[in-house]
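Got the viewer open? Let's take a short walk and pick out a few spots, one selection at a time.

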Amino acid sequence: MASIRVNQKKLMFFDFCYLNVRCREYTTLIDNKMNRRIMEKACRQIEDEIAAGTFSYRKFFPNSKRASLFESSLPPMATPDELVQAVQDVMNTSPPDQRGNITVNPGKNPAFLAFSDQWFTEREVDWKRSTQIKVRDIINKHLAPHFRGRRVGDITKADILVFRADLAKDTSEKHGLSPARVNGILNVLRQILEEAADRFEFTMKFKGIKPLRVPKTKIDPFTLNEAKTIIDAIHDTYRPYLITAFFTAMRTSELLGLTWDRIDFDRKQITVENAWVCDELDSTKTSGSQRTIELSPPVIEALRQQREATKSVGSEFVFCARNGKPFNRFNFASRIWHPLLKQLGLKHRKPYQTRHTAATLWLAAGENPEWIAQQMGHTSTRMLFTVYSRFVPNLTRKDGSAFELLLIQSGAISFQTNQNLSNFTTEVQNHV
């Protein structure tokens with residue numbers, strides 16, 4: 001029997017059973033007397049057509065995802081019992097229980113869609129909200145459309161390779177899917193199939209499939225003069241933010257999630273423990289990202305100015321909008337940052353390059369690499385030498401001049417004339 005229900009937003013939705021599958025279809029109709037009459041009339045028509053065997057899901061709900069599911073699973077000229085079995089084979093679900101809940105039949109090889117939803121429900125408690133959104137997006141946008149109607153145990157290695165190739169050619173996103181993005185999607189698929197293989201005792205088909213090669217991180221930091229030009233030209237509202245970004249190497253999410261209680265003006269330190277992700281305060285990217293940052297005098301002064309400027313707002317967040325919440329990073333990039341770079345005649349770069357700028361400036365100044373890694377929230381100095389060294393000429397010399405200077409100073413080598421030695425020593429020292 002089709003019934004009318006109301007959600008928390010006072011919007012009505014249909015609740016009915018079709019071919020032993022419980023279906024809920026939501027509307028934008030507010031619960032009032034007039035709209036209830038419309039819904040009741042539709043319910044009666046749904047019930048009559050289901051009873052007569054003439055019900056078309058797409059006719060009533062053309063934008064529903066279930067419409068294509070029912071259409072793809074129904075054999076022509078089938079009996080009512082065959083129709084029920086066909087739908088259950090595709091969804092691989094048991095009939096609804098007394099409460100109307102549908103669960104995966106554990107005794108069978110489940111359908112990918114049904115099992116991936118169950119896997120997500122079981123795992124989401126382990127994830128941050130940002131991870132939940134990311135995984136759900138991968139399932140809905142990439143996995144579900146490709147593996148709809150397939151059973152987890154029937155997905156072969158060839159199927160996975162074809163899927164990977166399709167992802168690499170995908171142009172649905174603005175700049176196509178990067179190798180890192182493809183690997184992230186495949187990783188979710190791998191986890192789903194690994195759990196299914198373990199639970200339903202079939203052979204995992206992912207063996208031997210390697211992730212795509214991810215190019216080295218491309219960074220394009222600003223010079224100190226460019227950073228100064230930007231800071232001088234930016235509106236006063238955003239100047240403290242950019243000074244902090246350029247000279248602390250904090251990530252954008254960490255800057256927006258920074259609260260006043262994490263700043264110690266006496267010790268000149270910031271404790272990074274939170275990040276602003278998906279419009280809420282969350283933990284940092286990794287546990288290693290939680291750190292204490294030493295602040296330079298320009299940053300201390302900028303933060304004092306920011307505290308004075310936002311005192312009237314009364315927000316716990318350092319870099320906030322008028323409503324007290326962190327300002328929108330995307331609006332800042334599109335309306336402030338990129339137009340300013342264009343106005344100044346500087347190369348187009350994302351705001352995140354402020355983090356890379358801080359790293360290269362510290363290295364160029366000769367700061368201890370271990371201290372720099374700690375400031376940035378890295379667990380080792382490896383990234384500093386693999387990513388940033390080419391931007392700092394004096395960090396890794398390849399001409400042997402430092403070793404030659406050591407030999408000269410120790411007297412291990414000599415030159416034919418004192419003049420040659422003097423000139424060479426002066427040249428090396430200038431280079432250093």
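Before the first stop, a word on names: strands here are DSSP runs of E at least two residues long, and they are numbered from the N terminus. Keep in mind, too, that this is a predicted model.

Start by selecting threonine 284. You'll find it in the loop between strand 7 (280-283) and strand 8 (291-294). Is threonine 284 buried or exposed? It is buried, because its relative accessible area is 3%, and buried means under 20%.

Now show what surrounds it. Leaving aside residues up to four places away in sequence, threonine 284 touches Lys128, Glu254, Val272, Glu273, Asn274, Ala275, Ser289 and Gln290. Add arginine 251 as well: it is 33 residues from threonine 284 in sequence, and their C-alpha atoms are 9.6 Å apart in space.

Next, select helix 10 (residues 239-248) and helix 12 (residues 297-309). Their axes come within 9 Å and cross at roughly 150°. That makes helix 10 roughly antiparallel to helix 12, and the crossing is left-handed. Turn on side chains to see Pro240, Ile243, Thr244, Phe247 and Thr248 in helix 10 meet Pro298, Val299, Ala302, Leu303 and Gln306 in helix 12. The residues of this contact divide into seven nonpolar, three polar and no charged.

Last stop: keep helix 10 and add helix 14 (residues 353-364). Here the axes come within 6 Å and cross at roughly 50°, which means helix 10 is oblique to helix 14. Among the residues that meet are Phe246 and Phe247 in helix 10, and Arg355 and Trp362 in helix 14. This contact has six nonpolar residues, three polar and one charged.

Technical notes: Residues are numbered from 1 along each chain as its sequence is written. This is a predicted model: local features need pLDDT of at least 70, side-chain atom pairs count only at pLDDT 80 or more; totals for chains, interfaces and linings use all residues. Side-chain values use heavy atoms; hydrogens and water are left out. Axes are lines fitted to C-alpha atoms, for helices over the stretch in contact, and angles run from 0 to 180 degrees between N-to-C directions. Helices (H or I, at least four residues) and strands (E, at least two) are DSSP runs, numbered from the N terminus. Angles under 35 degrees count as roughly parallel, over 145 as roughly antiparallel, 65 to 115 as roughly perpendicular and the rest as oblique. A crossing is left-handed if the near helix is turned anticlockwise from the far one by less than a right angle, and right-handed if clockwise. Contact means heavy atoms within 4.5 Å. Ala, Val, Leu, Ile, Met, Phe, Trp, Tyr, Cys and Pro count as nonpolar, Asp, Glu, Lys and Arg as charged, and the others, Gly among them, as polar. Buried means under 20% relative accessible area, exposed over 50%, partly exposed in between (1.4 Å probe, protein chains only).
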